[in-house]
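Welcome! Have a look at the structure below, then work through the exercises at your own pace.

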Amino acid sequence: MTLIPRISRFLPQLSGISFRQAGLVLLSIMLLFTAGCAKRPPASDPQALTAYLEANDPLEPMNRAIFSFNQGFDRILLAPAARLYRQFGPPDIRDGISNFVSNWREPVTFVNDVLQGEAKRAGTTLTRFLINSTFGLLGILDTATYWGIEHHSEDFGETFAVWGFGEGFYLMLPILGPSNARDFAGFTVDFFYDPVSLWLSHKGWTYVRYGRLALRGLIYREENLETLDDLGKSSTDFYATIRSAYRQNRNYEINNGKLDTGADDDLFDDVFEDDEF
């Protein structure tokens with residue numbers, strides 16, 4: 001199947017969105033078209049070509065500048081907010097908030113399970129959502145995990161990968177962090193077509209949509225305070241470390257944890273938990 005028929009499936013759904021949303025969707029589609037088309041060093045320079053292919057980062061100067069901005073944002077606002085959240089939020093309360101936010105991401109996982117042809121995993125996701133939304137008090141309690149129904153996460157970036165799209169070039173996004181052409185396109189689709197977000201938009205509660213994203217970021221940062229801080233101190237090139245960890249972890253997630261990544265699994269699980277923002 002070619003790229004155009006794949007994209008055309010989504011075009012009839014775009015008529016009801018705003019110009020800003022349409023612009024973001026168009027940008028994401030353009031990124032998919034450009035995925036893998038970046039200029040590379042000639043074969044006559046095998047050392048440079050190998051380094052280029054391993055990094056997959058033709059926009060590195062720009063990405064590093066954005067990474068520096070993100071580090072400043074984290075240092076000034078996000079990390080202090082995460083420390084305050086930990087200091088004044090009792091563990092049980094924080095767990096409940098994290099469970100609640102995770103539960104209302106289950107519809108996104110369910111849709112992507114279905115689109116990936118994972119019927120069994122889709123059934124697990126739906127079961128978790130129904131159990132936690134009822135017996136778990138709207139998801140505050142993770143009753144499903146207590147009953148042995150384990151959580152997993154899927155997103156449209158992973159769905160694009162299953163459909164055969166290449167990852168494209170590496171991207172560092174302002175505030176949002178590491179990504180690539182394919183995952184940014186997937187993030188855009190997930191954000192605007194998340195069933196919960198569509199319901200919130202229908203209710204006119206657009207601010208809640210962005211609040212959910214911000215809260216996920218705060219939870220992620222609080223849960224990884226020590227991991228990210230220690231990694232930053234121990235890395236000679238923190239940017240390159242994050243880039244490598246992100247790419248390997250995404251491959252791990254796309255293959256549903258079936259890759260043999262050895263001792264590095266714990267690092268990837270800690271730094272990029274499945275509900276990354």
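**Exercise 1: A pair between two helices**

Glu 226 is partly exposed, with 42% relative accessible area. Partly exposed lies between buried (under 20% relative accessible area) and exposed (over 50%), using a 1.4 Å probe and protein chains only. This is a predicted model, where local features need pLDDT of at least 70, side-chain atom pairs count only at pLDDT 80 or more, and totals for chains, interfaces and linings use all residues. Residues are numbered from 1 along each chain as its sequence is written, and side-chain values use heavy atoms, leaving out hydrogens and water.

Task: find which residue forms a salt bridge with Glu 226.

Solution, step by step:
1. A salt bridge needs a side-chain nitrogen of Lys or Arg within 4 Å of a carboxyl oxygen of Asp or Glu.
2. Arg 86 fits, with its closest N and O atoms 2.5 Å from those of Glu 226.
3. Arg 86 sits in helix 4 and Glu 226 in helix 13, 140 residues apart. Helices here are DSSP runs (H or I, at least four residues), numbered from the N terminus.
4. Arg 86 is partly exposed too, at 27% relative accessible area.

**Exercise 2: A pair in a network**

Task: decide whether Arg 250 is buried or exposed, and name its partner Asp 155's place in the chain.

Solution, step by step:
1. Arg 250 has 4% relative accessibility, so Arg 250 counts as buried.
2. Arg 250 and Asp 155 form a salt bridge, 3.0 Å between the closest N and O atoms.
3. Asp 155 lies in the loop between helix 8 and helix 9 (156–162).
4. Asp 155 is buried, at 13%.
5. Shared partners join Asp 155, Glu 158, Arg 182, Asp 183, Arg 250 and Glu 253 into one network of salt bridges.

Key:
Helices (H or I, at least four residues) and strands (E, at least two) are DSSP runs, numbered from the N terminus.
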